[in-house]
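Here is a friendly walk through one structure, from its inner spaces to a few of its tyrosines. Please keep the viewer open as you read.

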Amino acid sequence: MKQCVAAIALAILFVYPAIAADTMPVEAPAVAGPATGLADLAALRATVFGTPPQDIAPLPEKVPVFQMDLALPWAQPVPAVYWFDRRLRVWFSAQDKPAPLAIVIAGTGGDGNTAKLSILRAVLYGAGYHVLTMPSPTFPGFIVSASSTGVAGDLMQDGRDLYGAIQQIISHLPRKVRITDIDILGYSLGGANAAVVKSIDASERRLNIHRALMINPPVSLFSSVGRLDKLYAITLGNGDAGVERFYQQLYATLANLYRASDRVQLDEDFLFEAAASVLRTKAEFSTAIALTFRIALINVFFAGDLYSGSGVVVDPKHPPGADASLDDTFRILRSKPFSEYFTRVFAPYYLRRRPGSTVDELIAGNRLDAIGDALRNDPDYYAQTNSDDLILDAPELDWLQRTLGARIQVYDHGGHLGNLGDRQQVTDMLDMLGGRWKERAQ
Amino acid sequence: MSAGAPLTALLLSLAGCASQSVQFHHLPPDTPAANNAVNLEKALALAAQAASAAKSVKPDAAEEPVLVTPADAPPLTTYDPWGKFNRSMYRFNARFDEALFWPAANGYRRLPAPLRAGVHNFFGNLGEVSSVINYTLQGRLGHGVRSLGRFVINSTLGLGGLFDVAVKLNLPKAPTGFGTTLARWGMHPGPYWVIPIYGPSTLREGIGLAADYATSYAINAADLYRGNKSWALGTLNAVDTRANVDFRYYASGSPFEYETIRFLYVRKLLIEDGGLPGSAPPKRIDPNAPAGE
């Protein structure tokens, strides 16, 4: 709840003029169907508020944790504006006896210590795993310290960077950490990342990853984010009027709630209460979700533009310094949809880097069916998702079910990650990772 | 903050070995069961509150006129004429926090919880004196009496402030300071100002902090400000305060963190001021400090 409130507050930042894209030599992938995918009002509510505390699986009292900051040998020179992101930061919870390791990857834009990762860390540690929680390859700290390109969002490239980073992390673990087996999982985009890392490991054999679990994964990366672009356009429009109106309304609502309360400080508890009043309708939840995603996109866009030298918002000849004002850059970026990142930064960069490749190949390479054979034939891939997930449409959900067969569990409700950590999800997750799912399915 | 070389060395060692390719930071353990219990308590309280509000919705609605309208929202830009100074100070604060303040607070958080609670309550109780004075200056005598009540009860029954007994007697903590007093007197927040070590603020809040410090210095309760041990106690107070702030510089990983914090901090302040345009900052934007949000 706390995290969603913070996200809503941050979302206020995104109000401002949407600037029409200049000529686009590359076309963004088109998205059909509703912008909210399979989600209804209950699903959107669950997506924003997360699993209610009364439904959370039993959690351990204490989970030891240490933070590791690593300098990776292949990292690119750090631009001055990213002076604080030199090292990859991950979190590790170690058992005091030999144990399997669960590597958990965050969803789009998430660092290695999100609230969702904390829940997964707790239940996995409680079930006897060492737990390594990793940022998403779309988190700026990862892009700067661990990406070999700086242009995030390519499933295979991000998978290779993650794979390299995980090897470095494991090689630097304290000696007392004794690992008996390695499983990998992730939520949302992190789920797709986890599956790709396992598929890379299947040929390179450096880690011998045993099982991989995808929680609420996208099937086509660009379709999912295209849907979120569309959701933004529907709820806030492409101009500044809608977004400015949203900001003003939210400000007035919060100010009146605050005035009506007896509080002397606007604190987290106030925002916790206010969120329940502010968010009620499908449109309001949709706005919050679309804005939250746009926040993550701004960071990906800026880094990609800077590293690739695309020159959309950063002059490649005069990159910003450590104390440079980024006000103007920010104002321009918050109006830019993912489709523009794709057409002006991502696609030109990867087409240049992979001579002979086409836009269609880029799009296809970012669908889970790029590793479809592995998902279909290797019994160690698993998935959990919901029949009302907003990042999927019906054909995509169908594809997941046909591809994974008995190795996917589809819940009726939960939206996108709105049941992560609940008793059933956790029980099933532990059975899947522990190799007990097959017997259960039979 | 500079309490001598030994302390600095200790804190640096807590920060890890900066030259190695990997640094380890041992953190206080997560307490997921307790955290979820707190979330559950809040959710149940919220549900109960919503249920009782639903029962008495009509009288409440009549008593609470809507005062702030969307047209009263401040502009998206934030008055930041000292942006250049502020940005470099934000960077300095981030470095200071990462090297010294956060590791010290992190070490402190590994001490037994009852001990930390005692320290926190003790300093909080001393702060009640300033709250009583400022609530009086603000003309909010009811709040002032509550703070005075808390001070008397916690100083006696709470063994010199080590225990917050008053909160159990339905007298919750509600600190205030001279910055809020100035706001109640109609002073605008003024330009955004990143204060060394302290962090995000505005000119008005900065003046308020200085006045609060001067008041505390004059009163010198528990010899905290002028006695032989004032450095040690002041450092403990600062570390305790830091340990209770759930924020870490650049946890966002984002180069836009300065803009984000500035926007949120100033909107929070404006809403605390009442949310009306009379309390909005001046709309003039310095041409040398491009508009932020």
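The sections below take up cavities, cores, one helix, two tyrosines and chain B.

## Cavities

Please keep in mind that this is a predicted model. How many cavities of 30 Å³ or more does a search of the whole structure find? There are four, and the largest has a volume of about 120 Å³. Its lining is made of 14 residues, and those closest to the centre are A:Ala322, A:Ala324, B:Tyr250, B:Pro255 and B:Tyr258.

Helix α4 of chain B (residues 83–108) gives the largest share of that lining, with three residues. Sorted by class, the lining holds 10 nonpolar residues, one polar residue and three charged ones.

## Nonpolar cores

The largest nonpolar core counts 135 residues, and the members that touch the most others are A:Met134, A:Ile184, A:Phe302, A:Tyr341 and A:Leu375. Helix α10 of chain A (residues 282–308) supplies the largest share of this core, 14 residues. Another core lies apart from it and has 29 residues, including A:Leu59, A:Leu124, A:Met429 and A:Trp437.

For a view from inside the largest core, try selecting A:Tyr341, one of the members named above. Beyond its neighbours within four places in sequence, A:Tyr341 is in contact with A:Val151, A:Ala152, A:Leu297, A:Val300, A:Phe301, A:Gly304 and A:Phe346.

## Helix α6 of chain A

Helix α6 of chain A covers residues 189–204, which makes 16 residues. From first C-alpha to last, this helix reaches 23 Å, close to the 22 Å expected at 1.5 Å a residue. Why can α6(A) be called largely enclosed by the rest of the structure? Because 13 of its 16 residues are buried. Just after α6(A) comes A:Arg205, with a positive phi of about 60 degrees.

## A:Tyr82, in a loop

A:Tyr82 sits in the loop between β1 (63–70) and β2 (88–93) of chain A. Is A:Tyr82 buried or exposed? Its relative accessible area is 0%, so A:Tyr82 is buried.

Leaving out residues up to four places away in sequence, A:Tyr82 touches A:Pro140, A:Val144, A:Asn299, A:Phe302, A:Ala303, A:Leu306, B:Gly253 and B:Pro255. Two names in that list recur from earlier sections: A:Phe302 belongs to the largest core, and B:Pro255 lines the largest cavity. A:Ala322, also in the cavity lining, is 240 residues from A:Tyr82 in sequence, yet their C-alpha atoms are 7.2 Å apart in space.

## A:Tyr411, in a strand

A:Tyr411 belongs to strand β8 of chain A (residues 408–411). Its relative accessibility is 11%, and buried means under 20%, so A:Tyr411 counts as buried.

Which residues does A:Tyr411 contact, leaving aside neighbours within four places in sequence? They are A:Gln384, A:Thr385, A:Asn386, A:Ser387, A:Asn419, A:Gln424, A:Gln425 and A:Asp428. A:Tyr411 and A:Tyr129 are 282 residues apart in sequence, and 25 Å apart in space from C-alpha to C-alpha.

## Chain B

Chain B has 10 helices and three strands. Read from the N terminus, its elements follow the order α-β-α-α-α-α-α-α-β-β-α-α-α.

Of the 293 residues in chain B, 42% are buried. Taking contacts in chain B between residues at least 6 apart in sequence, 71% join residues at least 24 apart.

Terms used
Residues numbered from 1 in each chain as written. Chains lettered and ligands numbered in written order. Predicted model: local features only at pLDDT ≥ 70, side-chain atom pairs only at ≥ 80, totals over all residues. Heavy atoms only, no water. 1 Å grid on protein atoms, 1.4 Å probe; cavity = no way out; pocket = protein on both sides within 12 Å on 5 of 7 lines; lining within 4 Å. Points joined across faces, edges and corners; volume = space filled by probe spheres on them. Helix = DSSP H or I, 4+ residues; strand = E, 2+ residues; numbered from the N terminus. Nonpolar A, V, L, I, M, F, W, Y, C, P; charged D, E, K, R; others polar. Core = buried A, V, L, I, M, F, W, Y, C linked by side-chain atoms within 4.5 Å. Buried < 20%, exposed > 50% of the residue type's maximum accessible area, 1.4 Å probe, protein only. Contact = heavy atoms within 4.5 Å. Expected span 1.5 Å × (residues − 1).
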